[in-house]
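Here are some notes for a colleague who is opening this structure for the first time. They are set out as numbered points, to be read with the model in view.

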Amino acid sequence: MHEAQEHIEIVGMANSCDSSETLIPYIRAQAEQVEDVHAVHDTVEAGGSEDATYMLQRVQDNGGLASYLMFGTTLAAGHHNEKFDIDEKVMAIAIQTYALCALNADDLAKR
């Protein structure tokens, strides 16, 4: 009616990647050893983080196992907001979980 025209050109994209299924029970077992972990969810719809998804995909394409872990925390505001802040206590939980994953990696190799 207004003789408007459009042109859409895709100039970028964000990749997505699923965690390696083999790692899920292994990571769960490590996280459950951390005293302050109250719940473990095998999958969460997160979106974003294309830098991490490209890395995960590259590892998997080369025959490796890869997973994306998220640690829940209260947030004062969403990402990319001047009031964004997290509860730093969750960082200790994340470090303990990652450390157990690394220290017990031989257990994963035996599976």
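1. This is a predicted model, and the largest pocket in it has a volume of about 1500 Å³. Its lining is made up of 43 residues, among which V44, Y68, L69, M70 and F71 are the closest to the centre of the pocket.

2. As for where the lining comes from, three helices each supply at least two of its residues, namely α1, which spans 23–31, α2, which spans 50–61, and α3, which spans 89–103. Sorted by class, the residues that line the largest pocket are 22 nonpolar, 15 polar and 6 charged.

3. Helix α1 deserves a separate look, since it contributes to that lining and also holds a set of buried residues, which are L23, I24, Y26, I27, Q30 and A31. Viewed down the axis of α1, these buried residues fall within an arc of 165°, and they therefore line one face of the helix. The elements that cover the buried residues of α1 include α3 and also α4, the helix that runs over 105–110.

4. Turning to charged side chains, which residues does R28 meet in a salt bridge? One partner is E32, where the closest N and O atoms are 3.0 Å apart, and another is D42, where the N to O distance is given as 3.0 Å. Because R28 lies in helix α1 while D42 sits in the loop between α1 and α2, the pair of R28 and D42 ties together parts that are 14 residues apart in sequence. Salt bridges with shared partners thus join R28, E32 and D42 into one network, and the count of salt bridges for the model comes to 2.

5. How buried or exposed are the members of this network? E32 is exposed, because its relative accessible area of 51% is over the 50% cut-off. R28, at 26% relative accessibility, counts as partly exposed, and D42, at 44%, is likewise placed in the partly exposed class. For both R28 and D42 the reasoning is that buried means under 20% and exposed means over 50%, so that their values fall in between.

6. A general remark may help in reading the two preceding points: side chains of opposite charge can pair when their charged atoms come close.

Definitions and conventions
Residues numbered from 1 in each chain as written. Predicted model: local features only at pLDDT ≥ 70, side-chain atom pairs only at ≥ 80, totals over all residues. Heavy atoms only, no water. 1 Å grid on protein atoms, 1.4 Å probe; cavity = no way out; pocket = protein on both sides within 12 Å on 5 of 7 lines; lining within 4 Å. Points joined across faces, edges and corners; volume = space filled by probe spheres on them. Helix = DSSP H or I, 4+ residues; strand = E, 2+ residues; numbered from the N terminus. Nonpolar A, V, L, I, M, F, W, Y, C, P; charged D, E, K, R; others polar. Buried < 20%, exposed > 50% of the residue type's maximum accessible area, 1.4 Å probe, protein only. Arc of directions from axis to C-beta. Contact = heavy atoms within 4.5 Å. Salt bridge = Lys/Arg side-chain N within 4 Å of Asp/Glu carboxyl O.
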